[in-house]
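Thanks for coming. I will go through one structure this morning, element by element, and keep it short.

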Amino acid sequence: MLRVAIQMDPIEAVNIASDTTFFLAMEAQQRGHPLWVYDFRTLALEDGSLTCRARPVVIRHVHGDHVTIGEEVRLDLGKDVDVILMRQDPPFDMAYVTATYLLETVHPQTLVVNDPAEVRSAPEKLFATRFEGVQPPTLISSDPVALVDFHERHGDVVLKPLHGAAGSGVVRLKAGDPNLEALIEIHMSGSRDPLVIQKFIPAVSKGDKRIILIDGEPVGAINRVPAEGQVRSNLRVGGTAAPVELTARDLEICAIIGPELKARGLLFVGIDVIGDYLTEINVTSPTGAVQLKEFTGIDAAAILWDVIEAKHVPGA
């Protein structure tokens, strides 16, 4: 038995038909692991002890009645639990970063999935640039001159905020589009973060593949197809999920990045591949496991918990 605390957005509001966190929690409960949920804003570090205000839960796959919540308790995350799933959704802002610093005080004696220091060190759009030969032409910068120059050189491009998620703020600019400088100004008026500008990949019309890797190994993929005339394929903004097979190029990309993911303790990762190119490495709160199970029968939750349980063998 492992005592499991899940750092997540309110469990009462999850869509149990598609939510990966709920799917992971259900697998843990079926294995006999007791569950607590908590909001990262209740984390408290005092005299070297990290605690949170947590609620024990019993969950079930019943729409409208999917959770029973017990009385709130204060958990010592270094002593009272064995595993923490860090699953709150981005934005990857300073509050998110601070949560990783706090969780780092208990990891690895309490196993945090994913390793909080490595989550902090692997911003999802930036981390992908570490691997040569897998990305389309990409620039990350706050400099309007550099961004405009990239647009002029590459023509058809996609612009997106560096720390955005779920397709938020993603726009396509064709060659000669005069709106880039205005979009840069709008972004910079509300943020000091850089922007990502990337050569447009026409293959996105056929889908944006989400590949799930567990402990550095690919377990399967789903395809996310954008709505007609749209560039964003994220399920939260109108994309639809469809079954898909891993290609030789997909496996090549996984072989390039997988050893680094494993070495960093990034146990549950979702990468995005369009055509022959890697666009993002998602390490904060990857999704897609429910659809993968529905389409292929591959149970990423079961595979992940096998890995976690193996890591809790004494001396492992």
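Take Asp215 to begin with. Its relative accessibility is 12%, so Asp215 counts as buried, the cut-off being 20%. I should say that this is a predicted model, and every value I give is computed from it. Asp215 sits in the loop between E13 and E14. Its phi is positive, about 50°, although Asp215 is not a glycine.

There is another aspartate to put beside it. Asp47 also is not a glycine, and has a positive phi of about 55°. Asp47 is in the loop between E3 and E4, which is a hairpin with two residues between the strands. Is Asp47 buried or exposed? Asp47 has a relative accessibility of 78%, and therefore counts as exposed.

Back to the two strands around Asp215. Strand E13, residues 208-214, pairs with strand E14, residues 217-225, in the antiparallel sense, and there are seven bridges. Within that pair, Ile212 is opposite Gly220 of E14. Both strands belong to an open sheet of five, with antiparallel pairing and the order E15-E14-E13-E16-E17. Which strands stand at the edges? Strand E15, 240-243, and strand E17, 277-282, do; each has a single partner strand, so one side of each has no neighbour in the sheet. From one strand to the next the twist averages 30°.

On this sheet lies helix H9: it runs across E13, E14 and strand E16, the last being residues 268-274, and makes an angle of about 30° with E13.

One residue of the edge strand E17 that I looked at is Tyr277. Tyr277 has a relative accessible area of 33%, and because the partly exposed class runs between 20% and 50%, that is where Tyr277 falls. Leaving aside residues up to four places away in sequence, Tyr277 touches Val134, Gln135, Pro136, Ile201, Ile253 and Asp272. Phe295 is 18 residues from Tyr277 in sequence, and the two C-alpha atoms are 23 Å apart.

Now the helix pairs. Two packed helices are described by the angle between their axes and the distance between the axes. Helix H1, residues 20-30, and helix H9, residues 300-311, have axes that come within 9 Å and cross at roughly 55°. Because of that angle, H1 is oblique to H9. The crossing of H1 and H9 is right-handed. On the H1 side the contact is made by Phe23, Leu24, Glu27 and Ala28, and on the H9 side by Ala301, Ala302, Leu304 and Trp305. Sorted by class, the contact of H1 with H9 has seven nonpolar residues, no polar ones and one charged residue.

The other helix pair is H5, residues 144-154, with H6, residues 180-190; these pack at an angle of about 145°, and their axes are 10 Å apart. The crossing of H5 and H6 is right-handed. Which residues make this contact? From H5 they are Pro144, Leu147, Val148 and His151, and from H6 they are Leu180, Glu181 and Ile184. By class, the contact of H5 with H6 comes to five nonpolar, one polar and one charged.

Next, the pairings of strand E4, residues 49-59. E4 pairs with strand E2, residues 35-38, in the antiparallel sense over four bridges. There, Trp36 has Pro56 of E4 as its bridge partner. With strand E3, residues 44-46, E4 pairs over three bridges, again in the antiparallel sense; Glu46 is opposite Ser49 of E4. Strand E6, residues 73-76, is joined to E4 by four bridges in the antiparallel sense, with Cys52 opposite Leu75 of E6. Strand E5, residues 67-69, runs antiparallel to E4, and three bridges join them. In E5, Thr68 is the bridge partner of Val58.

Last, two peptide bonds. Which form does the bond from His107 to Pro108 take, cis or trans? The bond is cis, and omega is near 10°. Pro108 is in the loop between helix H2, 94-104, and strand E8, 111-113. The bond from Val113 to Asn114 is also cis, with omega near 0°. Asn114 is in the loop between E8 and helix H3, the latter being residues 116-120.

That is what I have. Questions are welcome.

Terms used. Residues numbered from 1 in each chain as written. Predicted model: local features only at pLDDT ≥ 70, side-chain atom pairs only at ≥ 80, totals over all residues. Heavy atoms only, no water. Pairing = 2+ DSSP bridges. Axes fitted to C-alpha atoms, helices over the stretch in contact; angles between N-to-C directions. Parallel < 35°, antiparallel > 145°, perpendicular 65-115°, else oblique. Left-handed = near helix turned anticlockwise from the far one by under 90°. Contact = heavy atoms within 4.5 Å. Nonpolar A, V, L, I, M, F, W, Y, C, P; charged D, E, K, R; others polar. Buried < 20%, exposed > 50% of the residue type's maximum accessible area, 1.4 Å probe, protein only.
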